[in-house]
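Student: I would like a close look at a single part of this model, namely the nonpolar core and the elements around it. Could you take me through that part in one connected account?

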Amino acid sequence: MIYSEKVMDHFANPRNVGEIEDADGVGEVGNAKCGDIMKMYIKVDGDVISDVKFKTFGCGAAVATSSIATEMIKGKKISEALKLTNKAVVEALEGLPPVKIHCSVLAEQAIKAAIADYYTRQGIDPTPFVGHPTDCDCDHCHE
């Protein structure tokens, strides 16, 4: 399997690793059957994601997609972060092998799950903003 230099860089030197103790929102997605589990932590200041960290249990592509996704939403408004797609994550990494595309889907879902948790903690129904974030059912892993 060939990975881009960007994937290798984010795998070898992941950005924003760890957890935020007093996070405003936490989202965990993935499935032990898949082998990839991502947990995202966000700190929100006003309407801006002022800090974001992640913990990922999974392959190199899962670590790389988590890393670049956090970079892509840090400092952005929540509404902008919600527009992040797995396609944008793949493009930012200069491509992923087809069997690893599900990792970028998980990164998108983890961000949405963290934002949904943030809204819930604020007493706001997250569904109109986030939809229904779903855990990986592994069907897409075998396309």
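Tutor: In this predicted model, a good place to begin is isoleucine 115, which, leaving aside residues up to four places away in sequence, touches Ile42, Ile49, Ile78, Ala81, Leu82 and Val130. Isoleucine 115 is also among the residues with the most contacts inside the largest nonpolar core, a set of 38 residues in which Met40, Ile42, Ile49 and Ile78 share that standing. At least two residues of this core come from each of strand 2, strand 3, helix 2 (60-73), helix 3 (78-81), helix 4 (86-92) and helix 5 (101-121), and helix 5 provides the largest share, with 11 residues. As a general background, nonpolar side chains in soluble globular proteins tend to be buried together.

The two strands that contribute to the core can be followed further. Strand 2 and strand 3 (residues 48-57) run antiparallel and are joined by nine bridges, and across this pairing methionine 40 stands opposite phenylalanine 54 in strand 3. Two residues lie between the strands of this hairpin, where glycine 46 takes a positive phi near 70 degrees. Strand 2 (residues 36-45) is also joined to strand 1 (residues 25-31), again in an antiparallel arrangement, through seven bridges, and there asparagine 31 has aspartate 36 of strand 2 as its bridge partner.

Beyond helix 4, which supplies part of the core, the loop that leads to helix 5 holds glutamate 94. Glutamate 94 has a positive phi of about 60 degrees although it is not a glycine, and with a relative accessible area of 55% it is exposed.

Conventions. Residues are numbered from 1 along each chain as its sequence is written. This is a predicted model: local features need pLDDT of at least 70, side-chain atom pairs count only at pLDDT 80 or more; totals for chains, interfaces and linings use all residues. Side-chain values use heavy atoms; hydrogens and water are left out. Two strands pair if DSSP finds at least two bridges between them. Helices (H or I, at least four residues) and strands (E, at least two) are DSSP runs, numbered from the N terminus. A nonpolar core is a set of buried Ala, Val, Leu, Ile, Met, Phe, Trp, Tyr and Cys residues joined through side-chain atoms within 4.5 Å. Buried means under 20% relative accessible area, exposed over 50%, partly exposed in between (1.4 Å probe, protein chains only). Contact means heavy atoms within 4.5 Å.
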